Amino acid sequence: MNSIKPINRRITVEDLRIPEWKNIVLEMHSMMRVPSENMHKFAYCTDRRGLVYRAEFESFKHWEYPWLIKHGEFKPGAKILDCGCGRGILQFYLAKKGYSITSVDISTLKTHQVQGFWEIVKKLGLPIPEDKASAMKAIARRYDTSIDFRVANIAKLPFEDETFDHVYSISVLEHMAKGEDVMAIKEMSRVLKKGGTMLVTVDFSPVKMERKAYTKEEVLDLISASGLYFDNVYDFEVQDWQKHLSELDIAFSKKNKCQVSSAAFVLKKAVIKYC
Ligand SMILES: C[S@@+](CC[C@H](N)C(=O)[O-])C[C@H]1O[C@@H](n2cnc3c(N)ncnc32)[C@H](O)[C@@H]1O
């Protein structure tokens, strides 16, 4: 049996058995000063310094970020676009490694994790900082780096055609309305240079769910809408779904009842357009 896993596939907590992937997670934890006793944990973590201006590392990102870093094949100094960046540590980690990072999000401060905090601030009549770009700059400074952050809808990106060497989007499309996700992937494709790559992760389930998680067919539809092509083998088949869900429950100490996994894929933009 071939034990080499395809690049384009379902990724999950079991991928953290790959030492290189786990080392990336540990490097990010250490950048965020996650206490060493929590280093093995894959649950949501934040930089402990500051409440508002802090980077985040969500649970599923523990395998999505290493996947992206290992398969991005970013050349030194590459111009990279993060679509739907939130306050994810990934953009700051890549900037720290010397890449030129532009990040876009429709919102950065009032994520659900700090919603309660903003409600208290509001009740006390204190001003809520609205300048999202300043907040992102402050977080970037914490890691001695800088990023070019823009507030925008990724379904309508404020960039010229073919601006970036790489475009990625980690766990964002499933948060968009049906149809808007297709607009977004087309936009991401438009701003990608010829020969460049697009890396995407989305919530995934082999069966249709009430909450938005892509099935194999929906992932393939999304890819076809992008107008880009797979440069590598792909496999979104699932044989061991129940085993996967119980592994996730064990990883999260059964605190979360997980029902989804991540699908991850790399697409390439053709250098020559045939007509
Ligand atoms: C689950 S979070 C992922 C954040 C980040 N990619 C990370 O790795 O932590 C989803 C993010 O997508 C952003 N988002 C949702 N719809 C968007 C849109 N139409 N345009 C830009 N960002 C959007 C949200 O504001 C949120 O920050």
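This report walks through a predicted model of a protein with a ligand, from the binding site to the strands, helices and loops.

## Around the ligand

Let's start with the ligand. There are 18 residues around it, and the ones that come nearest are Tyr-65, Gly-84, Asp-105, Asn-153 and Ile-170. What kinds of residue make up this shell? Sorted by type, the shell has eight nonpolar, seven polar and three charged residues.

Three of those nearest residues come with a distance you can look up in the structure. The side chain of Tyr-65 has an N or O atom 2.6 Å from an oxygen atom of the ligand. Asp-105 also uses its side chain: a polar atom there lies 2.6 Å from a ligand oxygen. With Ile-170, look at the backbone instead, where a polar atom is 2.9 Å from a nitrogen atom of the ligand. How much of the ligand does the protein cover? On its own the ligand has 600 Å² of accessible area, and the protein covers 87% of that.

## Strand β8 and its partners

Next, find strand β8, which spans residues 192–204. This strand is mostly covered, with ten of its 13 residues buried. On one side of the pairing story is strand β7 (residues 164–170), which runs parallel to β8 and is joined to it by six bridges. If you want one pair to look for, try Val-167, whose bridge partner in β8 is Met-198. How does the chain get from β7 to β8? It passes through helix α6 (residues 180–190), making a β-α-β crossover that is right-handed.

β8 also pairs with strand β11 (residues 261–268), this time in the antiparallel sense, over eight bridges. Two pairs help you trace this: Asp-203 stands opposite Ser-262 in β11, and Val-200 has Phe-265 as its bridge partner there. While you are following these strands, here is a handy rule. In a regular strand, side chains alternate between the two faces of the sheet.

One more stop in β8 is Gly-195. Is this glycine buried, partly exposed or exposed? Gly-195 has 30% relative accessibility, so it counts as partly exposed, since that value falls between the 20% and 50% cut-offs. Its C-alpha atom is 5.1 Å from that of Lys-269, even though the two residues are 74 apart along the chain.

## Strand β11 and its other neighbors

Now stay with β11 for a moment. This strand is mostly covered too: seven of its eight residues are buried. Besides β8, which strands pair with β11? Strand β1 (residues 8–11) runs antiparallel to β11 and is joined to it by three bridges. In that pairing, Arg-10 stands opposite Ala-263.

Strand β9 (residues 229–230) pairs with β11 as well, again in the antiparallel sense, over two bridges. Here you can spot Tyr-229, which has Lys-268 of β11 as its bridge partner.

## Two helices worth a look

Helix α3 covers residues 89–96. Why call this helix largely enclosed by the rest of the structure? Because seven of its eight residues are buried. Among them are Ile-89, Gln-91, Phe-92 and Tyr-93. Just after α3 comes Gly-98, with a positive phi of about 100°.

The other helix is α8 (residues 241–251), where you will find Glu-247. Is Glu-247 buried or exposed? Its relative accessible area is 18%, which is under the 20% cut-off, so Glu-247 counts as buried. The side chain of Glu-247 makes a polar contact of 2.9 Å with the side chain of Arg-17.

## Two loop residues with positive phi

Finally, check two residues in loops. Glu-73 sits in the loop between α2 (61–72) and β4 (79–83). This residue is not a glycine, yet its phi is positive, at about 45°. Why does Glu-73 count as exposed? Because its relative accessibility is 65%, and the cut-off for exposed is over 50%.

Asp-144 is in the loop between α5 (132–142) and β6 (148–151). Its phi is near 55°, again a positive value in a residue other than glycine. With a relative accessible area of 66%, Asp-144 is exposed.

Key: Residues numbered from 1 in each chain as written. Predicted model: local features only at pLDDT ≥ 70, side-chain atom pairs only at ≥ 80, totals over all residues. Heavy atoms only, no water. Near = heavy atom within 4 Å. Polar contact = N/O pair within 3.5 Å; in protein donor to acceptor, adjacent residues only side chain to side chain. Areas by Shrake-Rupley, 256 points an atom, 1.4 Å probe, with all protein chains shown as cover. Nonpolar A, V, L, I, M, F, W, Y, C, P; charged D, E, K, R; others polar. Buried < 20%, exposed > 50% of the residue type's maximum accessible area, 1.4 Å probe, protein only. Helix = DSSP H or I, 4+ residues; strand = E, 2+ residues; numbered from the N terminus. Pairing = 2+ DSSP bridges. Right-handed = clockwise from strand over helix to strand, strands pointing away.
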